[in-house]
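Visitor: Hi, I have this structure open on my screen and would like a walk through it. Could we take it piece by piece?

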Amino acid sequence: MKHSLCQSLCWLLIAALSCASAAVSSSYDRQVKAFIDLSSERYFKLYDQIAAETYSANDEEDFEALFSKLTNVKRIADELVGISREASGFNVSRVHNVELKAALQELRTVGDLFVLGEEYFSSVQMNLASLQKMSTDKDIDPYLGGAKMPNEDDSPLAYYPDIQKIVQRSNDVDELKYYWETWRDKNQIWASVNFYTIVQSYQKAAQILEIPVHQLWYRYDSQEMLQQMEQAMSELKPAYQQLHAFVRDELHKKYGGDVVNPNGPIPDHLFQQVMEQAWEEGSIIESYFPRKDLPQYDDFVKHLSAKALINESESFYTSLGFDSLSADFHKNQLKEPNEERPDDDCRPALFDLTPHVYMMYCEKVSFRKLMQYHAHMARVYYAEQKKRLPSYYFKAYNLEYPVGEAVVLSASSPTHLTNRGLAKGVQFTENSLQNRLFRMGIHTVLNIPLYYVHTKVMHDLLNGTVDMDTVNKHYWKLLEQHAGIEPPTDRTEGAIDFPYKFYVNIEQNHQTKKFISEILGYQFYRSLCQKSNHRGQLHNCDFFGNFAVGNSLKAMMSLGSTKPWKQVVGKVLPKNTGLSSLALLEYYQPIVDWLKTHNQQTKVKIGWNPTSKKIV
């Protein structure tokens with residue numbers, strides 16, 4: 001379990017803290033305001049206590065196990081449930097003040113899954129932990145008894161990071177198929193039981209709270225957002241089909257018609273291989289755009305320390321006019337790496353307990369880590385801008401994620417790397433720009449339909465459109481329809497074939513957040529580039545150092561969720577009409593043009609015929 005209990009508490013607590021500041025007129029409004037004030041006073045003390053206990057650990061293992069050591073979690077949960085019940089006792093229709101009404105609505109749902117009582121701690125948290133552990137448990141025997149492992153090591157493997165690393169380098173179709181099937185078959189029963197319990201928990205909690213289950217799951221207008229996601233998918237479809245046709249043709253040439261149907265969907269184990277190998281030598285585009293023609297990006301940062309990467313990411317935001325982070329943040333809210341336990345697979349972690357934000361960084365220095373810190377800093381600075389709002393406005397529609405995406409697009413651009421002196425002596429030619437863009441596109445464009453399908457599966461399970469007996473068939477139907485993917489072999493209807501990433505931070509609706517942050521991140525990026533008066537191709541824009549960009553971001557961040565989603569986003573997207581793939585398509589237009597020309601020359605099929613694989 002990766003901070004799941006912490007994230008749950010953080011999310012729930014921020015809805016209960018603080019109070020509305022508007023004047024109230026009616027006596028009933030005054031009763032409501034007194035209740036909100038009392039709730040704020042009760043929880044603000046607990047808030048700081050949780051933050052202090054959470055970050056008192058001195059090593060990474062404790063950091064990962066954070067809330068297993070907290071003794072007051074259940075007491076806090078009971079108080080949250082009490083707040084929800086007390087808030088539900090008020091008649092919202094009698095409240096005149098708009099801010100008080102919004103605060104009361106938030107407080108009604110603050111109990112979240114804690115309304116399940118002891119069941120939450122004895123069952124739900126265990127189920128969440130079990131789902132997270134499926135990817136890290138070393139319980140998969142290596143292919144051919146370890147014959148292909150270094151020193152023929154036959155030790156059991158975990159999917160992450162062991163099998164993932166194998167997928168990043170293997171071209172053995174049987175090996176890839178073995179790991180795809182074995183991991184799913186190994187976890188089939190475990191995944192089904194634990195996952196279904198989570199689904200049932202949200203349905204049961206929504207009934208207790210007397211709210212629609214999708215409101216509890218998404219935490220905003222789910223129907224409108226799903227419609228916007230569908231619109232973005234529709235816009236993306238023509239370009240996606242061009243990339244899909246190219247990928248399938250290359251895989252067919254590589255593995256033959258017995259493995260890849262030149263006119264059908266792509267087998268999932270090979271689809272995953274393509275994405276994992278996007279930046280590797282020998283990737284699917286190697287004969288057109290060799291990896292050796294790109295610089296070694298890790299060389300750009302090899303002279304820097306881990307802390308220097310943090311400072312470099314902070315400097316991007318200060319260049320836009322944001323204040324430097326306080327000395328207290330650097331001393332008490334930035335967790336230093338454990339030098340006695342270096343971990344090549346360390347992932348930076350961030351806890352947003354606005355107004356407190358805590359961040360753990362990794363000892364390893366790499367270009368990827370630098371970009372991750374740029375993304376994390378968006379959450380730190382977002383918290384700074386919204387911390388003066390009443391706490392029930394802290395949620396901010398998760399817009400810190402697309403802001404981070406936009407900053408990463410700017411910070412990773414050749415223009416930025418050259419101007420910052422990181423890419424010393426490197427000449428980015430048109431060919432290398434195309435090379436970089438193609439590899440980015442494979443990773444980004446191919447993932448977006450997966451995020452959508454994972455969102456739709458969960459949506460349909462929650463509302464009862466499908467059940468656990470039919471969800472696998474439904475899953476493969478959606479994958480074929482929206483992504484042109486099929487299973488490597490026939491599968492059973494009773495199986496559960498979701499990839500390990502589906503379960504990562506599932507209680508935070510991570511797959512939906514990924515979809516929105518990718519699509520909206522490119523929208524933010526294009527708009528901010530326009531504000532910085534960028535000229536030239538979009539994919540090489542850098543808005544570093546532009547105060548007008550910073551002012552737009554501050555205007556949006558400072559609103560939190562005080563206004564409807566579209567109005568808040570409108571501070572960065574003045575002509576906002578919702579989620580749209582058009583900015584992303586403009587970014588990758590050079591690749592789309594190349595694909596269209598290439599596919600016309602090779603006369604490959606655009607789109608795919610129905611799969612011959614069966615779900616029985």
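Visitor: Which residues have the most contacts inside the largest nonpolar core?
Guide: Those are F195, L399, Y503, F515 and F524. The core they belong to has 187 residues. Keep in mind as we go that this is a predicted model.

Visitor: Let's stay with Y503. What is Y503 in contact with, leaving aside its neighbours within four places in sequence?
Guide: Y503 is in contact with L131, Q132, M134, W183, A191, F195, I496 and F498. You will recognise F195 from the list of core residues with the most contacts.

Visitor: And the protein overall, what share of its residues is buried?
Guide: Of the 616 residues, 59% count as buried. The protein exposes about 25,300 Å², and 48% of that area comes from carbon and sulfur atoms.

Visitor: How many helices and strands are there?
Guide: The count is 25 helices and 5 strands. As for how the chain meets itself, take the contacts with a separation of 6 or more: 77% of them join residues 24 or more positions apart.

Visitor: Okay, strands next. In what order do the strands of the open sheet come?
Guide: The order is β2-β4-β3, and the pairing is mixed. The edge strands are β2 (334–335) and β3 (349–353), each of which pairs on one side only.

Visitor: Parallel or antiparallel for β2 and β4?
Guide: β2 and β4 (residues 356–360) pair in the parallel sense, over 2 bridges. If you want a spot to click on, L334 stands opposite M359 in β4.

Visitor: How many bridges join β3 to β4?
Guide: There are 5 bridges between β3 and β4, and these strands run antiparallel. A hairpin of 2 residues links β3 to β4. Across this pair, F351 stands opposite Y358 in β4.

Visitor: Why is β3 described as largely enclosed?
Guide: Because 5 of the 5 residues of β3 are buried, the rest of the structure largely encloses that strand. Both of its faces are covered: A349, F351 and L353 lie on one side, with L350 and D352 on the other.

Visitor: Which helix packs on the sheet, then?
Guide: That is α14 (residues 367–386), which touches β3 and β4. The direction of α14 makes about 10° with that of β3.

Visitor: Let's switch to helices. How far does α21 reach from its first C-alpha to its last?
Guide: α21 (residues 510–531) reaches 30 Å with its 22 residues, close to the 32 Å expected at 1.5 Å a residue. It is mostly covered, with 17 of the 22 residues buried. Just after α21 comes N533, with a positive phi of about 60°.

Visitor: What about α19, what should its residues span?
Guide: The 13 residues of α19 (residues 471–483) should span 18 Å at 1.5 Å a residue, and the end C-alpha atoms are 17 Å apart, which agrees. α19 is mostly covered too, with 10 of its 13 residues buried. Among the buried ones are H474, W476, E480 and H482. Just after α19, G484 takes a positive phi of about 65°.

Visitor: I also marked a few single residues. Is S283 buried or exposed?
Guide: S283 is buried, with a relative accessible area of 6%. It is found in the loop between α11 (268–276) and α12 (306–319). Leaving aside neighbours within four places in sequence, S283 is in contact with Q277, A278 and R439.

Visitor: And P574, buried or exposed?
Guide: P574 counts as exposed because its relative accessibility is 69%, and the cut-off for exposed is over 50%. You will find P574 in the loop between α23 (565–569) and α24 (582–587). P574 and S527 are 47 residues apart in sequence and 8.7 Å apart in space, C-alpha to C-alpha.

Visitor: Last one. Where is D593 found?
Guide: D593 is in helix α25 (residues 589–602). At a relative accessible area of 38%, D593 is partly exposed. D593 and A239 are 354 residues apart in sequence, while their C-alpha atoms are 9.3 Å apart in space.

Methods:
Residues numbered from 1 in each chain as written. Predicted model: local features only at pLDDT ≥ 70, side-chain atom pairs only at ≥ 80, totals over all residues. Heavy atoms only, no water. Helix = DSSP H or I, 4+ residues; strand = E, 2+ residues; numbered from the N terminus. Buried < 20%, exposed > 50% of the residue type's maximum accessible area, 1.4 Å probe, protein only. Contact = heavy atoms within 4.5 Å. Areas by Shrake-Rupley, 256 points an atom, 1.4 Å probe, with all protein chains shown as cover. Expected span 1.5 Å × (residues − 1). Core = buried A, V, L, I, M, F, W, Y, C linked by side-chain atoms within 4.5 Å. Pairing = 2+ DSSP bridges. Axes fitted to C-alpha atoms, helices over the stretch in contact; angles between N-to-C directions.
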